[in-house]
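I opened this notebook to keep track of what I looked up in one chain, helix by helix. The entries follow the order in which I asked the questions.

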Amino acid sequence: MTIQEASERYHIPMHILREYESWGLCGAVKKVMGDWQYDDGDLERLSTIMTLHDIGFTVEEVEAHMRLLLEGDHTAAQRLRMLEKKRSAALEEIHFKERQLQRLDYLRYEIRKTQGGRRE
């Protein structure tokens, strides 16, 4: 299928498809009459790329992860380290937000307490 068809059918933004093509990671993608043709393997890789983008990987991190993936199973430990690092950062962010909510709730409590428990 063409880049346009892949974008429409699988809801993949065009900029992601263009990134993928620019990295030269397109396994069996062939140019036919000027259009890239995607096969099932490409669509699987694009699904992984979308997931990596969704979980907060930068473009550079996505490319590095995908290059490792294409090198084979012997890169699993490196890819796992990348995911663990991203997970740790996400947990730190969640904990920071939890502390913010606790402080916010405390301030709300203090205001309500001075108003005699009224809620607005």
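Entry 1, handedness. Before noting any crossing I wrote down the convention: a crossing is left-handed if the near helix is turned anticlockwise from the far one by less than a right angle, and right-handed if clockwise. With that settled, I looked at the pair α4 and α5, and found that α4 passes α5 in a left-handed crossing. The contact is built from E61, A64, H65, L68 and L69 on the α4 side, and from Q78, R79, M82, L83 and K86 on the α5 side. I keep in mind throughout that this is a predicted model.

Entry 2, geometry of the same pair. Two packed helices are described by the angle between their axes and the distance between the axes, and I looked up both. The axes of α4 and α5 cross at roughly 150 degrees and come within 9 Å. Angles over 145 degrees count as roughly antiparallel, and α4 and α5 are therefore roughly antiparallel to each other.

Entry 3, the chain as a whole. I stepped back to count the elements, and the secondary structure comes to 5 helices and 2 strands, which run α-α-β-β-α-α-α from the N terminus on. The chain has 120 residues, of which 26% count as buried. I also looked at contacts with a separation of 6 or more, and 42% of these are accounted for by residues 24 or more positions apart.

Entry 4, α4 by itself. This helix covers residues 59-71, 13 residues in number, and I noted that its reach of 19 Å from the first C-alpha to the last is close to the 18 Å expected at 1.5 Å a residue. Which residues of α4 are buried? I found V62, H65, M66 and L68. They cover an arc of only 160 degrees around the axis, which puts them on the same side of α4. As a general reminder to myself, an α-helix has 3.6 residues a turn, so residues three or four places apart point the same way. The buried residues of α4 pack against α3 (40-54) and α5 (76-114), and H65 and L68 also appear in the α4 list for the contact with α5. Just after α4, I noted that G72 takes a positive phi of about 120 degrees.

Entry 5, α1. I repeated the burial check here and found I3, A6 and S7 buried. Seen down the axis of α1, these residues fall within an arc of 100 degrees, so they line one face of the helix. On the other side of α1, I recorded E8 and R9 as exposed.

Entry 6, α1 against α2. Helix α1 (residues 3-10) and helix α2 (residues 14-22) pack with their axes 10 Å apart, at an angle of about 130 degrees. The two helices are therefore oblique to each other, and α1 passes α2 in a right-handed crossing. From α1 the contact takes I3, Q4, A6 and S7, and from α2 it takes M14, L17, R18 and E21.

Entry 7, the loop between them. Is H11 buried or exposed? H11, which lies in the loop between α1 and α2, is exposed, with a relative accessible area of 65%. I flagged H11 for its backbone as well, as its phi is positive at about 55 degrees although H11 is not a glycine. Most residues other than glycine have a negative phi.

Entry 8, α2 against α3. The buried residues of α2 are I16, L17, E19, Y20 and E21. I then looked up the axes of α2 and α3, which come within 11 Å and cross at roughly 115 degrees, with α2 passing α3 in a right-handed crossing. The contact involves I16, L17, E19 and Y20 of α2, together with D42, R45, L46, I49, M50 and H53 of α3. After α2 comes G24, whose phi is positive, near 70 degrees.

Entry 9, a strand residue. I ended with Q37, which lies in strand β2 (residues 35-37) and is partly exposed, with a relative accessible area of 23%. Its distance to I3 is 7.0 Å, C-alpha to C-alpha, across 34 residues of sequence; I3 is also among the buried residues of α1.

Technical notes
Residues are numbered from 1 along each chain as its sequence is written. This is a predicted model: local features need pLDDT of at least 70, side-chain atom pairs count only at pLDDT 80 or more; totals for chains, interfaces and linings use all residues. Side-chain values use heavy atoms; hydrogens and water are left out. The expected span of a helix is 1.5 Å times one less than its number of residues. Buried means under 20% relative accessible area, exposed over 50%, partly exposed in between (1.4 Å probe, protein chains only). The arc is that of the directions from the helix axis to the C-beta atoms. Contact means heavy atoms within 4.5 Å. Axes are lines fitted to C-alpha atoms, for helices over the stretch in contact, and angles run from 0 to 180 degrees between N-to-C directions. Angles under 35 degrees count as roughly parallel, over 145 as roughly antiparallel, 65 to 115 as roughly perpendicular and the rest as oblique.
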